[in-house]
Amino acid sequence: MPIWLQAGGWGLVAGGALVLGAAIAWFVTVPRTVVATVMAFGSGVLISALAFDLVEEAEAGGGLGATVLGFLGGAAVYTLASAALARRGARHRKRSGDQQPSEEEQQGSGAAIAVGALLDGVPESVVLGLSLLGGQGVGVPVLAAIVISNLPEGLSSASGMRRSGRSARYVFGVWGGIAVASGVAGLLGALLLGGAPATLIAVITALAAGAMLAMITDTMIPEAFERAGTWTGAVATLGFVVAFVLDRV
């Protein structure tokens with residue numbers, strides 16, 4: 001199977017975890033503390049994957065300067081885009097409570113939330129596509145980290161969407177669309193960058209990693225802390241250590 005097709009498939013798998021989380025939130029009442037705890041764990045797992053896989057791999061392939069430039073650039077682009085979307089009603093897109101505005105409360109907030117979800121998911125899938133270019137298969141630690149973090153993301157956000165009065169058609173349309181977009185992003189990442197210089201791949205990998213770290217601290221950790229409280233740090237640390245051990249074993 002061509003690498004670009006594999007990348008698209010893995011991106012779809014990663015995005016599919018969002019749909020699964022949304023389905024659980026829609027049909028099952030999950031205590032918010034449980035959602036927050038899983039989100040904290042997923043945050044730690046994702047941070048570990050960033051530190052010991054993505055950033056390390058980018059530095060090895062493109063050098064320290066390219067990695068730092070890409071990492072800071074990714075964080076800056078994500079932050080600016082997220083701030084623009086927040087002004088249009090997407091600030092609390094990952095929240096499970098009553099923070100998300102309804103369309104009546106803020107016109108256009110539904111579209112902003114959908115675009116925000118896309119902004120959160122695409123960098124992860126691009127990274128999966130790039131991980132296949134080395135010929136070693138998909139980066140399992142990164143894939144596992146993304147799936148583990150996407151499940152509570154979809155669960156929490158869909159719960160908040162439901163509370164704000166959004167329909168099942170909207171909720172599953174958003175997450176289904178994000179899953180497809182994730183597959184396309186992974187596919188394009190592998191297709192367009194196959195044979196690209198190592199420095200360029202390193203910069204893009206670092207850029208995606210920077211965007212992902214900004215996303216974790218901007219959306220996932222606040223939701224986790226609001227519900228899990230002082231346990232958030234301990235649970236995130238556990239997720240980090242588990243991912244690190246699995247990567248090294």
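A residue is called buried when its relative accessible area is under 20%, exposed when that area is over 50%, and partly exposed in between (1.4 Å probe, protein chains only). By that rule, Val171 counts as buried, because its relative accessibility is 0%.

Before selecting anything, note that this is a predicted model, in which local features need pLDDT of at least 70 and side-chain atom pairs count only at pLDDT 80 or more, while totals for chains, interfaces and linings use all residues. Residues are numbered from 1 along each chain as its sequence is written, and side-chain values use heavy atoms, with hydrogens and water left out.

**Stop 1: the whole chain**

Show the protein chain as a cartoon. It has seven helices and zero strands. Here helices (H or I, at least four residues) and strands (E, at least two) are DSSP runs, numbered from the N terminus. Following the chain from the N terminus, the elements run α-α-α-α-α-α-α. Of the 249 residues, 47% are buried.

Contact means heavy atoms within 4.5 Å. Among the contacts in the protein chain with a separation of 6 or more, 85% are between residues 24 or more positions apart.

**Stop 2: helices α1 and α4**

Select residues 3-27, which are helix α1, and residues 140-163, which are helix α4. Two packed helices are described by the angle between their axes and the distance between the axes. For α1 and α4, the axes come within 7 Å and cross at roughly 35°. The axes are lines fitted to C-alpha atoms, for helices over the stretch in contact, and angles run from 0 to 180 degrees between N-to-C directions.

Is the crossing of α1 and α4 left-handed or right-handed? It is right-handed: the near helix is turned clockwise from the far one by less than a right angle, whereas anticlockwise would make a crossing left-handed.

Now show side chains. On the α1 side, the residues that meet α4 include Trp10, Ala14, Leu18 and Trp26. On the α4 side, Leu143, Ile146, Leu155 and Arg162 are among them. The residues of this contact divide into 16 nonpolar, five polar and two charged. In this count, Ala, Val, Leu, Ile, Met, Phe, Trp, Tyr, Cys and Pro are nonpolar, Asp, Glu, Lys and Arg are charged, and the others, Gly among them, are polar.

**Stop 3: aromatic rings**

A pair of aromatic rings is described by the distance of the centres and the angle of the planes. Rings of Phe, Tyr and Trp (its six-membered ring) pair if their centres lie within 6.5 Å; planes under 30 degrees apart count as stacked, over 60 as edge-to-face and the rest as tilted. The structure holds four aromatic pairs.

Select Phe27 and Phe172. Their pair is stacked, at 6.3 Å centre to centre with 25° between the planes. Phe27 lies in helix α1 and Phe172 in helix α5 (residues 168-193), so the pair ties together parts that are 145 residues apart in sequence. Phe27 is exposed, with a relative accessible area of 64%, while Phe172 is partly exposed at 25%.

Next, select Phe52 and Phe240. Their ring centres are 5.6 Å apart and their planes stand at 65°, so this pair is edge-to-face. Phe52 belongs to helix α2 (residues 32-90) and Phe240 to helix α7 (residues 231-248), 188 residues apart. Phe52 is partly exposed, at 24% relative accessibility, and Phe240 is partly exposed at 26%.

Go back to Phe27 and add Trp26: ring pairs link Trp26, Phe27 and Phe172 into a cluster.

**Stop 4: charges over rings**

A charge sits over a ring if NZ of Lys or CZ of Arg is within 6 Å of the ring centre and within 35 degrees of the ring normal. The charged end of Arg162 sits over the ring of Trp26, 4.8 Å from its centre. Arg166 has its charged end over the ring of Tyr170, 5.3 Å from the centre.

**Stop 5: three residues**

Return to Val171, in helix α5. Leaving aside neighbours within four places in sequence, Val171 is in contact with Ala22, Trp26, Ala158, Met161 and Arg166.

Select Gly70 in helix α2. Gly70 is buried, with a relative accessible area of 2%. Its C-alpha is 4.7 Å from that of Val203, 133 residues away in sequence.

Finish at Ala243 in helix α7, which counts as buried at 15% relative accessibility. Leaving aside neighbours within four places in sequence, Ala243 is in contact with Val45 and Ser48.
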